[in-house]
Amino acid sequence: MKGLIRASGIAAAILCLLLVGCGTPMAKLTPEEENLIVAYAAGSVAKANKYMTKGLTYPKQEEEEKLEVTESYEEETAEEPEEDQDPEQNQTVNGDGSIPAEEVPPPVQPATLTEALNQESVQAEYRGYELCASYREGNYFALNAAAGNTLLVLHIGLLNTSQQPVECNLFARNLVCGIYINDVYAVDAMGTVLANDFTTYIGTLEAAAETDTVAIFEVPAETVQAIQLLSLDMEVDGTVYHVTLDQN
């Protein structure tokens with residue numbers, strides 16, 4: 001604080017000497033000279049302030065300092081390597097160039113419905129399809145397709161080929177069905193609360209008895225205008241099978 005007072009006093013003394021002599025009239029200064037004296041005095045006071053050790057700073061000087069810091073940061077950032085976002089380069093590969101078994105998608109095996117289900121004494125049989133805007137079962141279930149879509153309903157019969165009752169629990173088999181229309185994948189089967197839903201069927205088939213189940217798919221209406229081939233990808237107990245259903 002003493003430094004600040006001392007500097008202020010010196011600046012004031014200089015100003016007085018310049019402006020007033022001993023009995024002489026006050027000197028007239030040009031605007032440029034007045035600005036010079038004011039700037040010098042303000043700079044001297046500012047230097048005595050510990051928070052302004054550089055004296056006066058001007059907007060242009062501050063902008064140049066900020067620009068230098070920004071350019072330095074951008075140069076450092078540009079030198080940093082970008083992180084690799086390519087998932088293929090992050091994939092684990094064995095020494096021989098093969099992909100570890102846990103990362104390889106399960107193979108798709110051609111099979112019949114019966115072979116895919118692999119249910120003892122149960123034969124599965126495709127019995128056709130129907131297209132509808134709404135599917136109903138009695139007075140307790142109704143399913144409506146969204147605008148522009150239609151419901152493709154597959155009918156699949158389950159037949160007990162033995163002379164003894166057979167418990168059939170497809171729900172426990174983690175069954176997932178995806179429909180292909182003309183060799184183009186469309187959608188997976190919808191989940192329903194139907195007792196005869198093929199993907200979640202649980203029941204007892206009496207000796208030589210059979211039951212009709214359904215798998216319902218909601219597909220764009222234009223995809224079923226000219227069906228030439230229907231097939232399923234069926235995942236059963238973690239194994240994927242490709243089943244051809246209908247071919248014209």
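**Entry 1: Glu210**

I started at Glu210, which counts as partly exposed at 47% relative accessibility. I kept in mind that this is a predicted model. I then looked up the partner of Glu210 and found a salt bridge with Arg127, where the closest N and O atoms are 3.0 Å apart. I noted where the two residues sit: Arg127 is in strand S2 (residues 122-132) and Glu210 is in strand S10 (residues 210-220), so the bridge ties together parts that are 83 residues apart in sequence.

**Entry 2: Arg127 and its other partner**

Which residue besides Glu210 is linked with Arg127 in the network? I found Glu125, which forms a salt bridge with Arg127, the closest N and O atoms being 3.1 Å apart. Glu125, Arg127 and Glu210 are thus linked in a network of salt bridges. I also checked exposure: Arg127 has a relative accessible area of 35% and is partly exposed. Glu125 is partly exposed as well, with 36%.

**Entry 3: Asp237 and Arg173**

I counted the salt bridges in the structure and got three. One of them joins Asp237 to Arg173, with the closest N and O atoms 2.8 Å apart. This pair links distant parts of the chain, 64 residues apart. I placed Asp237 in the loop between strand S11 (229-236) and strand S12 (239-247), and Arg173 in the loop between strand S6 (166-169) and strand S7 (176-181).

Is Arg173 buried or exposed? Its relative accessible area is 13%, and the cut-off for buried is under 20%, so Arg173 is buried. Asp237, at 46% relative accessibility, counts as partly exposed.

**Entry 4: aromatic rings**

I searched the whole structure for aromatic pairs and found one. The rings belong to Tyr180 and Tyr185, with centres 5.6 Å apart and planes at 65°. Why is the pair called edge-to-face? Planes over 60 degrees apart count as edge-to-face, and the planes of Tyr180 and Tyr185 are at 65°, so the pair fits that class. I looked up the exposure of Tyr185 too: its relative accessible area is 42%, which makes Tyr185 partly exposed.

**Entry 5: the whole chain**

I ended with the chain as a whole. I listed four helices and 12 strands. The chain has 248 residues, and buried residues make up 28% of them. I noted an exposed area of about 16,500 Å², of which carbon and sulfur atoms supply 54%. For contacts between residues at least 6 apart in sequence, I wrote down that 67% join residues at least 24 apart.

Notes
Residues are numbered from 1 along each chain as its sequence is written. This is a predicted model: local features need pLDDT of at least 70, side-chain atom pairs count only at pLDDT 80 or more; totals for chains, interfaces and linings use all residues. Side-chain values use heavy atoms; hydrogens and water are left out. Rings of Phe, Tyr and Trp (its six-membered ring) pair if their centres lie within 6.5 Å; planes under 30 degrees apart count as stacked, over 60 as edge-to-face and the rest as tilted. Buried means under 20% relative accessible area, exposed over 50%, partly exposed in between (1.4 Å probe, protein chains only). Contact means heavy atoms within 4.5 Å. Accessible areas come from the Shrake-Rupley method with a 1.4 Å probe; for residues, only the protein chains shown count as cover. A salt bridge is a side-chain nitrogen of Lys or Arg within 4 Å of a carboxyl oxygen of Asp or Glu.
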